[in-house]
Each structure stands twice: as C-alpha cells, then as structure tokens.
Amino acid sequence: VSYGITPVLVAFCRRKSTRLTAVVGGLVMALAMLFASFANELHQVVISYGFMFGIGCGMVRETSVLMVSQYFKRKRQNVEIIASMGAGLGLTMFTNLLNELITAVGWRHGLQAISAMLASLFFIGMFYRSASLYHPQRRAILHLKDMSKKKGKDKNKIENKPPYFDFTTLRLKSLQVILLCTSLSSFGAYSPIIYFVPMAVAEGLGDRAIMLQTFMGLGMTAGSIGFGCIVVSRSKQCVISRQYLLQTSIFGI
C-alpha cells in the first residue's frame with residue numbers, strides 16, 4: 001500500500017505542501033497502530049495496520065526523501081547511504097523492542113507503546129521547511145516574484161504548475177527495464193523479512209528466531225554502508241560501471 005500510493009503523494013507534495021503531508025502521515029501512523037491494539041477481528045487488523053498504517057508510512061517516507069533532495073544537492077549520495085541504513089537499524093531495534101514489549105505487557109499494550117513513539121513523527125513533520133527559505137539570494141528571488149505579480153506575468157500560474165501525473169518518462173525502454181528488474185528483485189528483498197521468523201519458529205528455533213532477524217537487520221545496515229561506498233567512490237585506479245554494480249546487487253538478492 002505504501003509504495004502503491006507513492007506517485008500520488010509525490011505529485012501532491014510538488015503542488016501543495018510537503019510539511020502537511022508529513023504531519024498527516026505521522027498522525028495516521030500513530031492512530032493506525034493505536035486502532036490495531038484494540039482490534040478483535042482479523043479484518044480490523046487488516047484495515048488499521050495493513051491499510052491505514054501503510055498509507056501513513058508512505059506519506060512519512062516520501063516526504064523525508066523529498067526533504068533530503070531539497071537540502072542536499074552535492075552530497076546527496078552520501079546522505080542516501082545514511083538514510084538507507086535506517087531500514088536495517090529499524091529492523092534490528094524494533095524486532096527486539098516489540099519482542100520485549102509483547103513479552104512484558106502483552107501485544108495490545110505493546111502496540112499502544114509503539115503508537116506513542118510513532119506520535120513523535122507528527123511533531124517532527126512540523127519542522128519541515130522548504131530549502132528555498134535558506135537560499136542566500138532569497139530576498140532577490142522574492143523581489144522578482146513580487147515584480148512579476150505587479151506586471152501581471154503570473155496570470156497563467158495555474159497552467160505552469162507541474163501535472164499530477166507525468167507518464168512521458170515511462171516511454172523510455174531503459175526505464176521500463178529498470179522498473180521490471182526492481183519489481184522482480186523486490187520479491188527476493190522483502191520475502192525474508194516477512195517469512196523468516198515464521199519459518200524459523202516452525203523449525204523449532206523459538207526465541208533464537210528473533211536473534212536471527214536481528215542479525216539480518218545488521219547485515220542490511222552493513223550492506224548499505226559497504227555497497228553504498230563502492231557506488232559513490234570515484235577511484236581512478238578501480239572504475240566499476242554502475243550498471244555492473246546494479247546487476248551484481250540483483251544477483252545477490
């Protein structure tokens with residue numbers, strides 16, 4: 001759900017407000033987790049945790065990516081490496097945190113404690129500000145905008161806004177191949193996260209299954225750092241095409 005609504009969220013952020021989307025996303029995530037803690041039927045869990053939480057997660061994730069792209073132009077690749085580490089660290093931390101909370105206070109109170117933590121995303125989103133506010137020539141830019149308004153040059157302002165959906169890039173053959181490879185590799189990337197613990201418990205590992213998922217999260221973090229450094233490195237002695245690096249990563253998955 002979170003990845004399916006990504007085009008709609010990005011289009012909304014480009015035309016409206018990134019901060020508003022982040023704030024609403026943090027609120028939706030916290031409320032969805034809270035509603036899931038009071039669920040008594042399976043369909044209630046699917047609606048709250050599967051649907052509502054997925055929408056909120058997509059809103060928070062995409063707004064954070066957009067803010068990174070606004071503030072970091074030259075060093076964006078290095079920042080993306082740090083951001084990609086969050087998936088592995090989050091898997092490591094929340095696997096043990098959820099296990100301890102559910103063991104100590106039960107799954108209902110455990111989810112309520114997680115919802116209280118997720119409420120912090122609501123307040124963090126309030127601090128999102130456009131990078132143009134910190135531009136060194138901001139006053140000059142605002143002056144030019146005011147002059148254009150006085151001269152009536154912005155009568156077609158609505159027409160100049162970017163469209164909600166732009167499908168022209170999908171005509172590129174190279175992009176179609178990349179999308180196909182990404183969708184196929186996603187099965188191998190996310191299947192262990194979903195099925196690893198249930199299969200380990202079925203094999204009789206018990207509590208050690210949590211430790212295995214912890215090491216998997218640490219492996220994701222180490223892989224993000226190592227492979228990211230290889231991708232962004234510009235060594236004159238060893239030059240590797242990024243196409244080959246992408247093929248290697250898909251083969252590894």
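Let's start with Trp107. Trp107 sits in helix α5. Keep in mind that this is a predicted model. Is Trp107 buried or exposed? Neither, quite. Trp107 counts as partly exposed because its relative accessibility is 39%, and that class lies between under 20% for buried and over 50% for exposed.

Trp107 also has company. Together with Leu89, Met93, Phe94, Leu98, Ile102 and Met117, Trp107 makes a nonpolar surface patch. The patch covers about 620 Å². Two elements give two or more residues to this patch: α4, residues 76-105, and α5, residues 107-118. Which helix gives the most? That is α4, with five residues.

Next, the salt bridge. How many are there? The count is one. Arg61 and Glu62 form it, and their closest N and O atoms are 3.0 Å apart. Now look at Glu62. Its relative accessibility is 11%, so Glu62 counts as buried. The cut-off for buried is under 20%.

Last stop, the second largest pocket. It holds about 270 Å³ of space. Which elements give two or more residues to its lining? They are α1 (6-15), α2 (18-37) and α3 (42-71). Find some of the lining residues on your screen. Among them are Cys13, Arg14, Lys16, Ser17, Met67 and Gln70. Further along the chain, Tyr128, Arg129 and Ser130 also line this pocket. What is the lining like by class? Four residues are charged, four are polar and three are nonpolar.

So, to recap. Trp107 is partly exposed and belongs to the nonpolar patch. Glu62 is buried and pairs with Arg61 in a salt bridge. The second largest pocket has a mixed lining of nonpolar, polar and charged residues.

Definitions and conventions:
Residues numbered from 1 in each chain as written. Predicted model: local features only at pLDDT ≥ 70, side-chain atom pairs only at ≥ 80, totals over all residues. Heavy atoms only, no water. 1 Å grid on protein atoms, 1.4 Å probe; cavity = no way out; pocket = protein on both sides within 12 Å on 5 of 7 lines; lining within 4 Å. Points joined across faces, edges and corners; volume = space filled by probe spheres on them. Helix = DSSP H or I, 4+ residues; strand = E, 2+ residues; numbered from the N terminus. Nonpolar A, V, L, I, M, F, W, Y, C, P; charged D, E, K, R; others polar. Patch = residues over 30% accessible without salt bridge, like charges linked within 9 Å, V, L, I, M, F, W, Y side chains within 5 Å. Areas by Shrake-Rupley, 256 points an atom, 1.4 Å probe, with all protein chains shown as cover. Salt bridge = Lys/Arg side-chain N within 4 Å of Asp/Glu carboxyl O. Buried < 20%, exposed > 50% of the residue type's maximum accessible area, 1.4 Å probe, protein only.
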